Amino acid sequence: MRFEDLKTYENISVKHAVKSLFDASAAVEPLNAIQGNADYAAVMKGDVNSRKMFLQQQRQEEKDLNIAWLNKMIASEAALREKMTLFWHNHFACRTNNALFAQQLNNIQRVNALGNFRTMLFQVAESPAMLQFLNNQQNQKNHPNENFARELMELFTIGRGNYTETDVKESARAFTGYGFNKTGEFVTRKFVHDDGQKTFLGKSGNFTGEDIMNMLLEKKETAHFISNKLYKYLVNEVPDEAHVTAMAEVFYSSGYEMKSLLEHIFSADWFYDDKNTGNLVKSPVEFLVGLSRQFYITYQRPEVLLQFQKVLGQVLFYPPNVAGWPGGRNWIDSSSLMYRLKIPSTLLNGGLIDFNGKADPEDEAYIATVRNQQQFVNTKVQAEPDWDKFLGGVPKKMSNLQIARFLLEPKLNDIILNSINGAKDIKTMVIESVSTPEYQLT
């Protein structure tokens with residue numbers, strides 16, 4: 001939250017504050033950084049130079065898409081929609097080298113972020129990015145591929161322990177023929193669909209993929225699985241079973257309407273308990289977006305945002321696997337914490353930073369570079385915070401202590417209090433405050 005938001009929220013009820021959050025996110029503004037889609041198969045049949053240029057363009061589009069979404073999160077007034085889009089981005093974790101496919105999936109998650117989960121699930125299941133990532137393009141009768149069917153249950157709906165291996169196999173048969181054509185449009189290829197009798201979750205019939213998803217949504221376990229995951233994202237890394245059960249009931253009874261579930265969470269007294277305040281570790285993206293929003297930072301070299309993501313361990317559109325980023329305290333280790341504490345002063349006070357991020361095993365370009373030369377990359381960040389706008393939003397009668405309490409969610413300890421009292425000016429005090437471990441919590 002920015003200081004300028006205090007005028008909006010400090011004197012209104014929780015009910016009205018929640019309404020204003022949804023009102024600000026009512027409109028949907030899709031991401032449109034990528035406009036076209038090259039014919040990969042045709043390019044690969046061309047000469048070496050054509051293939052090289054295509055792969056370079058592909059990598060550039062991946063970078064452009066990443067930066068475009070990060071900038072959107074920084075600048076957008078639809079903060080709740082973008083925060084929930086980030087949640088679904090990790091829930092439906094997906095990797096693809098096709099930036100247009102990635103953008104399409106991201107917009108499915110954005111459009112439905114505050115809408116209906118059933119609608120989103122069906123659209124995700126038909127998206128070329130997910131069908132490609134989980135190999136359903138190769139799922140055919142007599143040779144079923146179980147990847148999509150398994151992750152649909154384990155990670156997207158009812159969760160482990162609520163289905164059998166037989167259910168996975170039968171579900172895979174139901175999804176045979178689900179695929180996409182050369183232009184990326186969803187198609188059901190009837191000639192490779194298994195139209196035989198199937199038995200799934202105790203029911204028998206000539207089931208299709210839609211039937212499977214409807215049966216999964218009929219299970220209350222799906223509502224509980226999503227509610228539990230959302231509780232850990234918004235409330236506390238250690239779920240309270242009573243609260244999660246109540247959330248699941250609201251979610252299921254509403255027909256999987258996200259707005260109903262979120263209103264229940266934000267209106268609950270327990271959401272504002274001390275134990276649920278300043279207790280969650282910000283993800284790298286939340287940390288970068290929050291810092292950039294709060295101080296109105298602009299970047300002359302946007303690619304530095306990609307480097308920040310790499311060293312902090314979360315690159316948008318590039319999850320570690322189909323399960324997504326584990327989150328929580330997993331975000332923090334000795335290396336990432338060092339960068340987290342250094343980044344605020346680097347961005348707010350100008351200067352250099354050494355990048356030596358962790359290589360992704362599949363990032364061949366990075367690995368090739370490391371083989372040739374292992375070295376630190378000294379990079380000029382070139383970030384410009386708008387200090388006049390930031391300080392202009394601070395209420396005139398606000399003390400340094402009150403400013404620090406606004407910036408930091410956890411209670412202030414003696415070290416921070418001494419830093420506040422010893423700061424030579426408000427700017428120094430602010431930079432020191434956001435360079436603490438406490439700023440990493442929300």
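How are helices α9 and α10 oriented to each other? In this predicted model, the axes of α9 (residues 147-156) and α10 (residues 165-174) come within 8 Å and cross at roughly 125°. An angle that is neither under 35 degrees, nor over 145, nor between 65 and 115 counts as oblique, and α9 and α10 are therefore oblique to each other. Their crossing is right-handed. On the α9 side, A149, R150 and M153 make the contact, while α10 brings E165, D167, V168, S171 and A172 to meet them. Sorted by class, the residues of this contact comprise four nonpolar, one polar and three charged.

A second helix pair is formed by α6 (residues 99-111) and α7 (residues 117-125). Here the angle is about 170°, and the axes lie 9 Å apart. With angles over 145 degrees counted as roughly antiparallel, α6 is roughly antiparallel to α7. L105, I108 and Q109 are the residues that α6 places against M120, Q123 and V124 of α7. This contact has four nonpolar and two polar residues, and no charged ones.

Further along the chain, α16 (residues 304-312) packs with α17 (residues 334-349) at an angle of about 155°, and their axes are 9 Å apart. That angle makes α16 roughly antiparallel to α17. From α16, the residues F308, V311 and L312 take part, and they meet S336, Y339, R340, I343 and L347 in α17. Six nonpolar residues, one polar and one charged make up this contact.

Attention can now turn from helix packing to empty space. Rolling a probe the size of a water molecule over the atoms shows where such space is left. How many cavities of 30 Å³ or more does the structure hold? There is one of that volume or above, and the largest cavity contains about 70 Å³ of space. Its lining is made up of H89, F92, C94, R95, T96, A102, L105, N106, Q109 and F317. By class, these lining residues are five nonpolar, four polar and one charged.

Which helix gives the most to this lining? The answer leads back to α6, which supplies four residues to the largest cavity. Two names are worth picking out in this connection: L105 and Q109 are among the residues lining the cavity, and L105 and Q109 also belong to the α6 side of the contact with α7. Helix α6 thus enters the description twice, through its packing against α7 at about 170° and through its share of the cavity lining.

Key
Residues are numbered from 1 along each chain as its sequence is written. This is a predicted model: local features need pLDDT of at least 70, side-chain atom pairs count only at pLDDT 80 or more; totals for chains, interfaces and linings use all residues. Side-chain values use heavy atoms; hydrogens and water are left out. On a 1 Å grid over the protein atoms alone, a cavity is a set of points where a 1.4 Å probe fits but cannot get out, and a pocket is an open set with protein on both sides within 12 Å along at least five of seven lines; lining residues have an atom within 4 Å of a point. Grid points are joined across faces, edges and corners, and a volume is the space filled by probe spheres set on the points. Helices (H or I, at least four residues) and strands (E, at least two) are DSSP runs, numbered from the N terminus. Ala, Val, Leu, Ile, Met, Phe, Trp, Tyr, Cys and Pro count as nonpolar, Asp, Glu, Lys and Arg as charged, and the others, Gly among them, as polar. Axes are lines fitted to C-alpha atoms, for helices over the stretch in contact, and angles run from 0 to 180 degrees between N-to-C directions. A crossing is left-handed if the near helix is turned anticlockwise from the far one by less than a right angle, and right-handed if clockwise. Contact means heavy atoms within 4.5 Å.
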